[in-house]
Amino acid sequence: KPPFDDVRVRAAFTQAIDRQSLIDNVTKGGQTPATSFAPPGMFGAPEPGKVGLAYDPEAAKASLQEYLDEKGMTIDDFNAMDVVLMHNTSEGHALIAAAIQQMWADTLGAEVRVENQEWKVYLKSTQNDAPIDEMPHIFRFGWCADYPDENNWIHEVFNSEEGENRVRHSNADFNALTVAAGAAADPAEREALYEEAEKMFAEEMVAYAPIYHYTIVNVSHQWLTRNFPPLGANDFSNWTIDVDARDAQ
C-alpha cells in the first residue's frame, strides 16, 4: 500500500525506531532489541543484531529523502497521505505506538496517525485477504512459539504460500528459502538457510520492522538455582535448593 510499497520508505521507518530507548523508557522489561524474527532459544534463529536493519537515524533520513526526491515530493506531501499505524486495543500497545510515532516524527518529520481496534475486528482488518486499500499502512503483531524451531517462525508466519503472510509479500525466492530450510536433513544447512531467509526478509525485502524479543520478569530466592527454558513449562528437575542458605535466611 503506497507509500510503503517502496522498500526505501519501509527501510526509513524501520531504521528510525530506537529500540533500546523504547525498552529502557517504555516497556521496561529488559527485552532484547530485535532486528530479525525468531528469538534466542529457537533452532536456526540468528543471534540478535546479526541480521536486519538496526537503528540508524541518518540512514533512515537518507532513504526517505531519496524516495521523496524521486517522486518530486516534500515531507508535507508525504504527510498528506495520512499514514496510519494501527494496534489492537491495549494500554501497553498504545504506549509503544505513541513512542514510535514520536520517533518517526523526530527523525523523519513524518506525521503518523495512531488507531486501535478490538482484537476480533483487528484480526479481520489485517488478514491476508483483506482489501489492501482498506488496511492500515503499518500494524503490530507478536508471535510466541508453538515449537522451538525457525520453521514455526519465518516459514509458518511469513511464507506467502504456506504461511499466514499478513505482510502480503509475494517473493518467490524467499518462499523457496524457507521451504528448502525445512526440507534439509543437515542441521547446519538448515541454520544457514534460515539465516539467509531472515536476512532477505529483514534487509532486502524490509517486509517488517522487528522491535524486541519478549522477556518474562522473574523473582527468585537467592538460595534457589534454576534455569529458564526458552519454551514450555518450568523443568523443576533442573532446580536446586541450598537448604542451609534457605534455613539461615
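The following conversation between a trainee and a mentor goes through a predicted model and the terms used to describe it.

Trainee: What should I keep in mind about the model before we begin?

Mentor: The model is predicted, so local features need pLDDT of at least 70 and side-chain atom pairs count only at pLDDT 80 or more, while totals for chains, interfaces and linings use all residues. Residues are numbered from 1 along each chain as its sequence is written, and side-chain values use heavy atoms, with hydrogens and water left out.

Trainee: How many helices and strands are in the protein, and what makes a run count as one?

Mentor: There are ten helices and seven strands; these are DSSP runs numbered from the N terminus, where a helix is H or I with at least four residues and a strand is E with at least two. The C-alpha trace spans about 75 × 45 × 35 Å along its principal axes.

Trainee: Why is Y122 called buried or exposed?

Mentor: Buried means under 20% relative accessible area, exposed means over 50%, and partly exposed lies in between, with a 1.4 Å probe and protein chains only. Y122 has 0% relative accessibility, so Y122 counts as buried, whereas F141, with a relative accessible area of 32%, is partly exposed. Across the protein, buried residues make up 40% of the 249 residues.

Trainee: What makes Y122 and F141 an aromatic pair, and why is the pair called tilted?

Mentor: Rings of Phe, Tyr and Trp (its six-membered ring) pair if their centres lie within 6.5 Å, and planes under 30 degrees apart count as stacked, over 60 as edge-to-face and the rest as tilted. For Y122 and F141 the values are 5.3 Å centre to centre and 40° between the planes, and the pair is tilted. Y122 lies in helix α6 (residues 119-125) and F141 in the loop between β4 (138-139) and α7 (154-158), so the pair ties together parts that are 19 residues apart in sequence.

Trainee: Why are Y212 and Y214 given another label, edge-to-face?

Mentor: The ring centres of Y212 and Y214 are 6.0 Å apart and the planes stand at 65°, so this pair is edge-to-face. Y214 is partly exposed because its relative accessibility is 45%. The structure holds 16 aromatic pairs, and ring pairs also link F37, W153, F158, F174, F201 and Y208 into a cluster.

Trainee: What makes a group of residues a nonpolar core, and which residues have the most contacts inside the largest one?

Mentor: A nonpolar core is a set of buried Ala, Val, Leu, Ile, Met, Phe, Trp, Tyr and Cys residues joined through side-chain atoms within 4.5 Å. The largest core has 25 residues, and those with the most contacts inside it are F13, L64, F78, W104 and L108. Two or more residues each come from α1 (7-15), α3 (57-71), β2 (83-88) and α5 (91-108), and α5 gives the most, with seven residues. A second, separate core of 21 residues includes F37, A45, A184 and L193.

Trainee: How do you know that F13 and V112 are in contact?

Mentor: Contact means heavy atoms within 4.5 Å. Leaving aside neighbours within four places in sequence, F13 is in contact with residues including V112, F78, W104 and L108. V112 lies in strand β3 (residues 112-117) and is buried, with a relative accessible area of 7%. V112 and L85 are 27 residues apart in sequence, with 6.6 Å from C-alpha to C-alpha.

Trainee: Why is S36 called buried or exposed, and what does S36 touch?

Mentor: S36 has a relative accessible area of 1% and is therefore buried. S36 is placed in the loop between β1 (32-33) and α3, where, not counting residues up to four places away in sequence, S36 touches P46, V51, E198, Y208, P210 and H213.

Trainee: What makes the backbone at D82, N165 and P3 worth a look?

Mentor: Most residues other than glycine have a negative phi, and most peptide bonds are trans. Phi of D82 is near 55°, a positive value in a residue other than glycine, and N165, also not a glycine, has a positive phi of about 50°. D82 is partly exposed at 36% relative accessibility, whereas N165 is buried at 6%. A cis peptide bond, with omega about 0°, joins P2 and P3.
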